[in-house]
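Colleague: Could you take a close look at the salt bridges for me, and walk me through who pairs with whom?

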Amino acid sequence: MYEVLVSGLETTGHHGVTEEERNKGCRLKFSVTATVSGSADETDHICDTVDYGALAGLVVEVSEGARYRTLERLARVLAERAFVRFPLIEAIEVRIDKLDPPVPHSVESLGVRYCASRSD
């Protein structure tokens with residue numbers, strides 16, 4: 001097994017507890033680590049792994065395709081769709097950072113990390 005990574009993918013998402021956040025949108029940064037039971041390390045064929053470009057595309061598709069109140073729900077939906085689209089993924093970790101979050105504190109970001117395995 002090996003891991004396929006998408007690190008620091010930034011997009012605008014319409015997710016948040018307040019209606020203003022969902023309407024205005026916010027900057028999000030995603031990092032995804034997918035544990036893959038492929039054989040591309042031996043065969044050197046893209047069909048024997050998870051295409052990291054396609055995984056990045058799924059991140060954007062899920063984030064821009066719906067609106068969620070919590071990042072936890074967004075992360076779970078992304079993980080569930082990744083398991084469906086990429087059968088070689090055995091486990092996944094999704095980290096979402098909300099950049100410039102609407103809080104009265106000086107922070108770089110706030111966010112969540114969601115971990116799931118196919119057997120869950």
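Modeller: Sure! One term before we start: a residue is called buried under 20% relative accessible area, exposed over 50%, and partly exposed in between. Keep in mind that this is a predicted model.

Let's begin inside one helix. Glu-80 makes a salt bridge with Arg-76, and their closest N and O atoms sit 2.8 Å apart. The two are 4 residues apart in helix α4, which puts about one helical turn between them. Glu-80 has 36% relative accessibility, so it counts as partly exposed. Arg-76, at 39%, is partly exposed too.

Now for a pair that joins two helices. The side chains of Glu-61 and Arg-85 meet in a salt bridge, at 2.9 Å from N to O. Glu-61 belongs to helix α3 (residues 52-65) and Arg-85 to helix α4 (residues 71-85), so this pair ties together parts that are 24 residues apart in sequence. Glu-61 is partly exposed at 39% relative accessible area, and Arg-85 is partly exposed at 42%.

Strands get a link as well. Glu-93 and Arg-113 meet through their side chains in a salt bridge of 3.6 Å, N to O. Because Glu-93 lies in strand β3 and Arg-113 in strand β4, the pair ties together parts 20 residues apart in sequence. Here Glu-93 is partly exposed, with 29% relative accessible area, while Arg-113 reaches 54% and counts as exposed.

Finally, Glu-10, Arg-27 and Asp-100 are linked in a network of salt bridges. The count for the model comes to 7 salt bridges.

Terms used: Residues are numbered from 1 along each chain as its sequence is written. This is a predicted model: local features need pLDDT of at least 70, side-chain atom pairs count only at pLDDT 80 or more; totals for chains, interfaces and linings use all residues. Side-chain values use heavy atoms; hydrogens and water are left out. A salt bridge is a side-chain nitrogen of Lys or Arg within 4 Å of a carboxyl oxygen of Asp or Glu. Buried means under 20% relative accessible area, exposed over 50%, partly exposed in between (1.4 Å probe, protein chains only).
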